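Dear colleague,

I am passing on the structure below, and I would be glad if you could keep it open while you read the notes that follow.

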Amino acid sequence: MDISWMNELIWVARIAAATLCGACIGYERENNLKTAGIRTHSIVALTSCLMMLVSKYGFTDVLGANVNLDPSRIAAGIVTAIGFLGAGVILTRKLTVSGLTTSAGLWATVGIGVAMGGGMYIIAVFATLLVLGLQFFFHRSARLVRNASVEKVTLHVRQDTDVRAILADCIDLSKVRLQSFSAVKLPDGLLEIKVFLVLPEVYEMQKIISELNKAEEIVAVEVTAEG
């Protein structure tokens with residue numbers, strides 16, 4: 001069977017729609033400071049849609065009376081392969097596990113991409129909205145159910161400083177959750193540390209700032225509310 005340019009345009013539209021659905025889910029994840037964000041979810045949705053299109057239509061030129069193909073074989077492989085990527089975002093620290101929801105979101109994004117590649121537009125869009133609804137309304141940091149706030153703390157410290165030890169000394173980690181941590185070297189021999197803290201509903205941020213300012217290794221402290 002010859003592939004017409006009209007079919008190609010339809011497939012391009014499917015890939016674009018799958019990418020958009022993945023980007024919507026990734027935006028919610030990135031907005032909550034998760035490791036897998038817009039780019040990861042967009043690429044997962046795009047690739048799964050592309051593979052599904054190849055599985056369904058990529059071998060039509062070899063079909064014949066004695067050649068039969070199973071269009072579901074690549075879809076099954078996609079579901080298996082996503083397990084490796086999903087496992088990569090699951091982190092275990094002592095008795096706590098994080099990344100499970102993001103991993104499940106990647107798995108759902110694969111399903112959305114496969115559905116879009118298969119031409120099942122309505123259920124693909126519906127699944128996207130459903131995943132977004134679940135992520136938003138039931139996330140602990142969602143605005144409608146928020147009992148905590150996220151604060152971004154930027155520290156300038158000397159490069160030989162054990163920042164994690166200082167944070168452990170200055171912050172009550174039994175009440176405050178360390179959500180994200182990154183470091184960048186500055187040209188003046190200092191490190192710029194960005195830390196995202198999830199605070200309980202009633203917690204004095206000023207107390208944390210005061211304790212951080214007492215640390216001799218810390219040159220400057222800046223706090224920005226992330227809502």
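Two packed helices are described by the angle between their axes and by the distance between those axes. The axes here are lines fitted to C-alpha atoms, for helices over the stretch in contact, and the angle is taken between N-to-C directions. Please bear in mind throughout that this is a predicted model.

To begin with the whole chain, its secondary structure comes to seven helices and six strands, and from the N terminus on these elements run α-α-α-β-β-α-α-β-α-β-β-α-β. Of the 227 residues in the chain, 34% count as buried. Among the contacts with a separation of 6 or more, 65% are accounted for by residues 24 or more positions apart.

The pair of helices that I looked at is H2, which covers residues 38-57, and H4, which covers residues 100-117. Their axes lie 7 Å apart and the helices pack at an angle of about 35 degrees, while the crossing in which H2 passes H4 is right-handed. On the H2 side the residues that meet H4 include Val 44, Ala 45, Ser 48, Cys 49, Met 52 and Leu 53, and on the H4 side the partners include Gly 105, Leu 106, Thr 109, Val 110, Gly 113 and Val 114. Sorted by class, this contact of H2 with H4 has 10 nonpolar, eight polar and one charged residues.

Within H2, is Ser 48 buried or exposed? Ser 48 has a relative accessibility of 2%, and because buried means under 20%, Ser 48 counts as buried. Leaving aside residues up to four places away in sequence, Ser 48 touches Thr 109, Val 110, Gly 113 and Val 114, and also Ile 78. The side chain of Ser 48 reaches the backbone oxygen of Val 44 at 3.0 Å, and both Ser 48 and Val 44 are among the H2 residues that meet H4.

I also checked the cysteines, and the count of disulfides comes to zero. For Cys 21, which is in no disulfide, the nearest cysteine sulfur is that of Cys 24, at 6.4 Å; a disulfide needs the two sulfur atoms within 2.5 Å, so this pair does not qualify. Cys 21 is buried, with a relative accessible area of 8%, whereas Cys 24 is partly exposed, with a relative accessible area of 31%.

With best wishes

Notes: Residues numbered from 1 in each chain as written. Predicted model: local features only at pLDDT ≥ 70, side-chain atom pairs only at ≥ 80, totals over all residues. Heavy atoms only, no water. Helix = DSSP H or I, 4+ residues; strand = E, 2+ residues; numbered from the N terminus. Buried < 20%, exposed > 50% of the residue type's maximum accessible area, 1.4 Å probe, protein only. Polar contact = N/O pair within 3.5 Å; in protein donor to acceptor, adjacent residues only side chain to side chain. Contact = heavy atoms within 4.5 Å. Axes fitted to C-alpha atoms, helices over the stretch in contact; angles between N-to-C directions. Left-handed = near helix turned anticlockwise from the far one by under 90°. Nonpolar A, V, L, I, M, F, W, Y, C, P; charged D, E, K, R; others polar.
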